[in-house]
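Here's a walk through a two-chain model, one piece at a time. Keep the viewer open and follow along.

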Amino acid sequence: MADARTEAAETAPDPAAIAVGVAERPAIDAPDTALWKTEIGVLPHTPAAILRWAVFAIVLLLLPQVLGPYWLSQINYVLIYTLAGMGLQILLGYTGQISIAHAAFMGIGAYACAYFERLGMDFPLAFLAAAFLTGAVGAAIAGPARRVSGLSLLVASMAFNFIVQQAIERWTPVTGGDNGLSLLDLDLFGLPIKGIGAHYYLYLGVVAVSLWVAFNILRSPLGRAMNAVRDSEVAARSMGVDIARIKTIAFGLSAFFGAFAGALYAHQITFISPDQFGLQLSLDLIVMLVVGGAGSLAGIVLGAIFLVVVPELLDYVLALFSSTGEPPGARPILEGGLLIIVMLFEPWGLYGLWLRLKRRLFTRRRAGAPAAGGGHAA
Amino acid sequence: MVEFLQQILSGLATGCVYALVALGLVLLYKATEVLSFAHGDLMMLAAFIAYTIVMVWGGNFVVGLLVAMIVLALLGLVINRFIIRPMMGRPIFAFVLVTLGVSLVLRGIVMLVPIWGTDDYRLVTPLDGKVLHLGPFLLNAVSAAVIVITGLVMAVFFLFFRYTKLGTAMRATAQNALAATYVGIDTRRIYAIIWAISAAAAALAGVLLAPMLFVHVNMGIVGLNALPAAIIGGVASLPGAVVGGILLGVVEALAGYYLPEGAKEVAPYVMLLVVLAIRPGGIFPEVVAKKV
């Protein structure tokens, strides 16, 4: 158990590797040093870690040279979903507020960015303005949202998502209504961003900076206060945490990063319409967090890959089994079945699976290390 | 004024359907802390089963209804045994997602069955086309039947929970599962029965809804409206579910009649937010004291 915890610490630079309501929290029977190690693990600090990150960064930078446009655009979606998942993680994983309204934030961000650009703003300005606007909306709904919790919050957030979607649909002068809105070409301070490769670098930059900012926020007293609110509101209040303030900030931050994801999403597909930001997307993002697993950064990325790869995989499988076109209903059955199987058999998600696999593969090589038995906290 | 009351009357029937689904949801949530996103699609499946029996095989409507309810109750048992029970104790999100998976699979199965597929079907009842005149008001017979049946079901529920041993055991389990096991209640069995009842209630709602709408793969979306109904009433209150459901049906009907297009779709959700803003615990809040 202690072993698993330490390993998690090395791979996941996440101070509170906490299941987003994925499973029971890991029993913290690991020594405190393990937690401490997690914290300083946020930035690479050993030569080996720096080397690993450097290699990783080079691989990321070289991807457009290696991959074709199709796969590169899929990678772009992975980046966007990662960003969205991170925003959701602030609210769900860190502050424990069960919300399925993230698509609404993405939608507001996407439309605001598109609208501001149409008004003649430069992309960076429109992008930030959209994010701040959405953050303000997020903070505003925190007012009513913090009065409820648990199931009520979940359904109320669903209600918010519906209402935003309807509002987008009806506010035709700004949003184009059901006809949708096409995005203007991207340029960064006069430098045109054309082609998937250029988009990729832009997204990569935004994701890297956002992750860095978010993780630093989460390691600050604010992040600690969020965790306290998640674990017990009563205890947090007795320790002097201003719960209303923390929840408002959490909603605001979550919406802020959601808007980043939404705006990038809009530029990636270049055409947005209200139905893209419905409950389905919100639920997809939850699937991503939970299936990815354990609420770690690595889990979010794995979840994002899952979200992008599974439809591809289904296409492949269905093409394989039927020469006469795909049987109706096969797709939902496979999708649903996969979801059920992951939830039943891998409560720690793909990331938990990876940790277990890694332990299987590498533990025995270490001299004197006993073979790891049992699953990772499962 | 007559028009206004007329709208309320026609909203009642839809409200009753919401109430039935919400009842199933609240029952589940109260006893097992499981929120099911599959209930809409349980409704849909039940409607298809009844459609097949009545319209394809020429069976009696009541037989169709009963068979659908029995099949769905069994399905509820299966879902409980093989999916929910192994996951007991996991957070609410886990159940939201796994029941979402169930709902996708159910939809897929309905699409796969050749005589079902993705077309619209009509479920004809013996009451179709008949209209009741109640003073100045008109109420079609199907809606009247839905209201009466819902009323009966509510009465049965009430008596069952109040006066039977099993009902008392269920209430005990819902209040405190651990304490219930200490006094000898087999909570696993209780959970199974609750799933069966909950699924059967969804089936009843689905079959009653079918004559008012079309039978279609996506009719489960209506079940989504039962969620606000359950919350409006108070998440852990069975009478609350009924009141919430009926209120929702009525508000929806009024919004559809008096407000511009699109208002009907958001009405349940706006109402939910309004109610939560005034009474965060719903109309019948659960009284809980939280210990640190």
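## Helices 2 and 3 of chain B

Helix 2 of chain B passes helix 3 of chain B in a right-handed crossing. Bear in mind that this is a predicted model. Helix 2 covers residues 39–56 and helix 3 covers residues 61–84, and the two pack with their axes 8 Å apart at an angle of about 140 degrees. That angle falls short of the cut-off for roughly antiparallel, which is over 145 degrees, and helix 2 and helix 3 of chain B are therefore oblique to each other.

So who's touching whom? On the helix 2 side of chain B, the contact is made by L42(B), L45(B), A46(B), I49(B), A50(B), I53(B) and V54(B). Helix 3 of chain B answers with F61(B), V63(B), G64(B), L65(B), V67(B), A68(B), V71(B) and L72(B). Sort the residues of this contact between helix 2 and helix 3 of chain B by class and you get 14 nonpolar, 1 polar and no charged.

## A hairpin in chain B

Next, look at strand 1 (residues 131–134) and strand 2 (residues 137–140) of chain B, which pair in the antiparallel sense over 4 bridges. To get your bearings, find H133(B), which sits opposite L138(B) of strand 2.

The hairpin these strands of chain B form has 2 residues between the strands. At G135(B), the backbone takes a positive phi near 60 degrees.

## F214 of chain B

F214(B) lies in the loop that runs between helix 8 (187–209) and helix 9 (221–224) of chain B. Is F214(B) buried or exposed? It's in between: F214(B) has 15 other C-beta atoms within 10 Å, so it counts as partly exposed.

Setting aside neighbours within four places in sequence, F214(B) is in contact with D120(B), Y121(B) and R122(B). As for V62(B), 152 residues separate it from F214(B) in sequence, while C-alpha to C-alpha they are 18 Å apart in space.

## Where the chains meet

Chain B puts 40 residues into the contact with chain A, and chain A puts in 39 residues. On the chain B side, helix 4 (92–112), helix 10 (226–233) and helix 12 (263–278) each supply at least two residues. Helix 4 of chain B gives the most, with 16 residues.

By class, the side of chain B that touches chain A has 31 nonpolar, 5 polar and 4 charged residues.

## Over to chain A

Chain A has 16 helices and 4 strands. Of its 378 residues, 45% are buried. Take the contacts in chain A between residues at least 6 apart in sequence, and 77% of them join residues at least 24 apart.

For a helix pair in chain A, try helix 5 (residues 102–118) and helix 13 (residues 279–292): their axes come within 7 Å and cross at roughly 120 degrees. Here H102(A), A103(A) and M106(A) of helix 5 meet L281(A), S282(A) and L285(A) of helix 13. By class, this contact of helix 5 with helix 13 of chain A has 4 nonpolar, 2 polar and no charged residues.

## Helix 10 of chain A

Which residues of helix 10 (residues 221–231) of chain A are buried? They are G223(A), A225(A), M226(A), N227(A), A228(A), V229(A) and R230(A). What covers these buried residues of helix 10 includes helix 4 (69–94), helix 9 (195–219), helix 11 (233–238) and helix 12 (243–269) of chain A.

Note on methods
Residues are numbered from 1 along each chain as its sequence is written. Chains are lettered from A and ligands numbered from 1 in the order in which they are written. This is a predicted model: local features need pLDDT of at least 70, side-chain atom pairs count only at pLDDT 80 or more; totals for chains, interfaces and linings use all residues. A residue is buried if 20 or more other C-beta atoms lie within 10 Å of its own, exposed if 12 or fewer, and partly exposed in between; C-beta atoms are placed from the backbone. Two residues are in contact if their C-beta atoms, placed from the backbone, lie within 7 Å. Two strands pair if DSSP finds at least two bridges between them. Axes are lines fitted to C-alpha atoms, for helices over the stretch in contact, and angles run from 0 to 180 degrees between N-to-C directions. Angles under 35 degrees count as roughly parallel, over 145 as roughly antiparallel, 65 to 115 as roughly perpendicular and the rest as oblique. A crossing is left-handed if the near helix is turned anticlockwise from the far one by less than a right angle, and right-handed if clockwise. Ala, Val, Leu, Ile, Met, Phe, Trp, Tyr, Cys and Pro count as nonpolar, Asp, Glu, Lys and Arg as charged, and the others, Gly among them, as polar.
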